[in-house]
Amino acid sequence: MPASSRKKVMVLGGGPNRIGQGIEFDYCCVHAAFALREAGYETIMVNCNPETVSTDYDTSDKLYFEPLTVEDVLAIYEKEKPEGVVVQFGGQTPLNIAGELAAAGVKILGTSPDTIDLAEDRDRFRKMMDKMGIAMPESGMAASFEEAKQIAERIGYPVMVRPSFVLGGRGMEVVHDDDMLRQYVTAAVDLAPERPILIDRFLANAVEAEADALADGVDAFVPAVMEHIELAGIHSGDSACAIPPVTLSERHIKTIEEYTLRISRELKVCGVMNIQYAICQDKVYVLEANPRASRTVPLVSKVCNISMAGIATRLMLGAKLADMNLRHKTIPHVGVKEVVLPFNMFPEVDPILGPEMRSTGEVLGMAPTFGLAYFKSQEAALSPLPLEGTVFISVTDSDKPSVLETARRFQELGFRIKATDGTCAFLQENGVKAERSYKVHESQRPNIVDEIKSKEIHLIINTPIGKMSATDDAYIRQAAIKYRVPYVTTTAAAHASVMGIAECRSGRTGVKSLQRYHLDMQG
């Protein structure tokens, strides 16, 4: 097909679906194509995934079903001669080739490749945060075990270790002592001075939050801050989150918005960006910044009634936020993002969550309250919560105090509670009526696996924090998957579950269209 003489823009898609690179990015590419068409541009989509909307025949004016490699994109660029290329919406795949494309003379629209590199290079980004006086967790870079051990001793265990450039948290681990650190360094692939590992202080019991922002290089707008339900240490792509925040103070929300504005100005971001935060001991820390669309953009857009990808595209074309009259709206509902995990396809894998991303998709539950929205999100993720029956609880010693109130609430709702030896004793000492279940190694029948298999257990709460319990209770979690029993592996998710069950049983449910939610925001 010959190239037209119209002004045109090329959009790079996300390529094949994989962990860390999901269909959420395709949503952004599609809305970018729509915005470009409205602005009078011919749209050229480059993507090679047939299971996407961006590759539908009517999404863009032209589709090149080609691999997202430097050579292929350059060939299309030279043929079509577009005004520029959009790389922000396809996830990490287009970002990885943006620098080479720019070096070959391709005009990258929006945020510059150097800014993308600065944000992804943890060392450069930390220096920028230090200069701006914005807190980040203590960290260091190491190219050997001796260097890593010195940094860990200075920071204090536990620490978070990761390769310096990662996608979807691959290779990230929480390390608790020298032995685990030695194992990690020994197993590290291509560890060298030019490819070091990063070692960060692990912020224990920190609440994570994130902000998706629209920016024009001078100003920024944050539609809403998201609060993660799981505590720090779980990859953001695997954590459920609430929009707007449920427990964050107004002061911390204002701090997050202020930091987001300052960082976007310093980076000169033009388009959309995502910044991850942690609140630990009443202090806000920046964890990382991504100068691209994140997987939460579609969810924020739906909950807040704002087309983030469409607006970001207009900003890349030269529009200014000051002329768009964007304002914060009161959101009279709550949206809860929940992740879809693939563990039912891999029954031998222990389904614990950690810093390495494992989810393959996301769903959204919306309701007037957080509890109901969380309950809906679990249904959408095909892990519906029970409204009655038996709850099994087995948690580590550090989690026992925080699970106590959840257990009391389950008891008030009339649930039967079963627990393993230590958890059962703790609950009984604190006035919760609990019955003992036996672990497999205790040689008593029926044991917990027998009870799961015979459908006596309707919800499992099991928190594997630390070295030993992560392997000790794996068979419980694997049995939950095999026999399709809902399970949660964090006390925060357990608390959200009991809130959702209570609100659903109170009868405050109902079906409401997305358009109706948006009308209520305007009213």
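So, helix 11: Phe370, Gly371, Leu372, Ala373, Tyr374, Phe375, Ser377 and Gln378 are the buried residues there. This is a predicted model, by the way, so keep that in mind throughout. That list covers eight of the 11 residues in helix 11, which spans 370-380, so the helix is largely enclosed by the rest of the structure. And what do those buried residues of helix 11 pack against? Four strands and a helix, if you go through them: strand 11, strand 12 at 241-243, strand 15 at 334-340, strand 16 at 361-367, and then helix 17. Just past the end of helix 11 you'll find Leu382, with a positive phi of about 65°.

Okay, helix 17 came up there, so let's stay with it. Helix 17 is residues 491-505, and it packs with helix 12, residues 400-412. People usually describe a packed pair like this by the angle between the axes and the distance between them. Here the angle is about 20°, and the axes are 9 Å apart. We call anything under 35 degrees roughly parallel, so that's what helix 12 is to helix 17. The crossing of helix 12 past helix 17 is left-handed.

Who's actually touching whom? From helix 12 you've got Ser402, Val403, Thr406, Arg409 and Phe410, and they meet Thr491, Ala494, His495, Val498, Ile501 and Ala502 of helix 17. How does that contact break down by class? Six of the residues are nonpolar, four are polar and one is charged.

If you want one residue to click on, take Thr406, which sits in helix 12. Buried or exposed? Its relative accessibility is 1%, and with the cut-off for buried at under 20%, Thr406 counts as buried. Ignoring neighbours within four places in sequence, Thr406 touches Ala494, His495 and Val498. Those three are all on the helix 17 list I just read out.

Right, over to the strands. Strand 9, residues 207-216, has nine of its 10 residues buried, so it too is largely enclosed by the rest of the structure. Which strands does it pair with? With strand 13, residues 270-280, strand 9 runs antiparallel, and 10 bridges join the two. One place to look is Leu214, whose bridge partner in strand 13 is Val272. Strand 11, residues 225-231, is also antiparallel to strand 9, through four bridges; there, Ala209 has Glu227 as its bridge partner. You'll remember strand 11 from earlier, since buried residues of helix 11 pack against it.

Then there's strand 10, just residues 220-221, which pairs antiparallel with strand 9 over two bridges. Ala215 is opposite Ala220 in that pairing. Strands 9 and 10 make a hairpin with three residues between them, and in the turn Gly217 has a positive phi, about 95°.

Last stop, an open sheet. It has four strands in the order 3-2-1-4, and the pairing is parallel. Which strands stand at the edges? Strand 3, at 62-64, and strand 4, at 84-86; each has a single partner strand, so one side of each has no neighbour in the sheet. From one strand to the next the twist averages 25°. For strand 3, look at its pairing with strand 2, residues 42-46: parallel, over three bridges. Val46 is the residue to find there, standing opposite Tyr64 in strand 3.

That's my tour, happy to take questions.

Technical notes. Residues are numbered from 1 along each chain as its sequence is written. This is a predicted model: local features need pLDDT of at least 70, side-chain atom pairs count only at pLDDT 80 or more; totals for chains, interfaces and linings use all residues. Side-chain values use heavy atoms; hydrogens and water are left out. Axes are lines fitted to C-alpha atoms, for helices over the stretch in contact, and angles run from 0 to 180 degrees between N-to-C directions. Angles under 35 degrees count as roughly parallel, over 145 as roughly antiparallel, 65 to 115 as roughly perpendicular and the rest as oblique. A crossing is left-handed if the near helix is turned anticlockwise from the far one by less than a right angle, and right-handed if clockwise. Contact means heavy atoms within 4.5 Å. Ala, Val, Leu, Ile, Met, Phe, Trp, Tyr, Cys and Pro count as nonpolar, Asp, Glu, Lys and Arg as charged, and the others, Gly among them, as polar. Two strands pair if DSSP finds at least two bridges between them. Buried means under 20% relative accessible area, exposed over 50%, partly exposed in between (1.4 Å probe, protein chains only).
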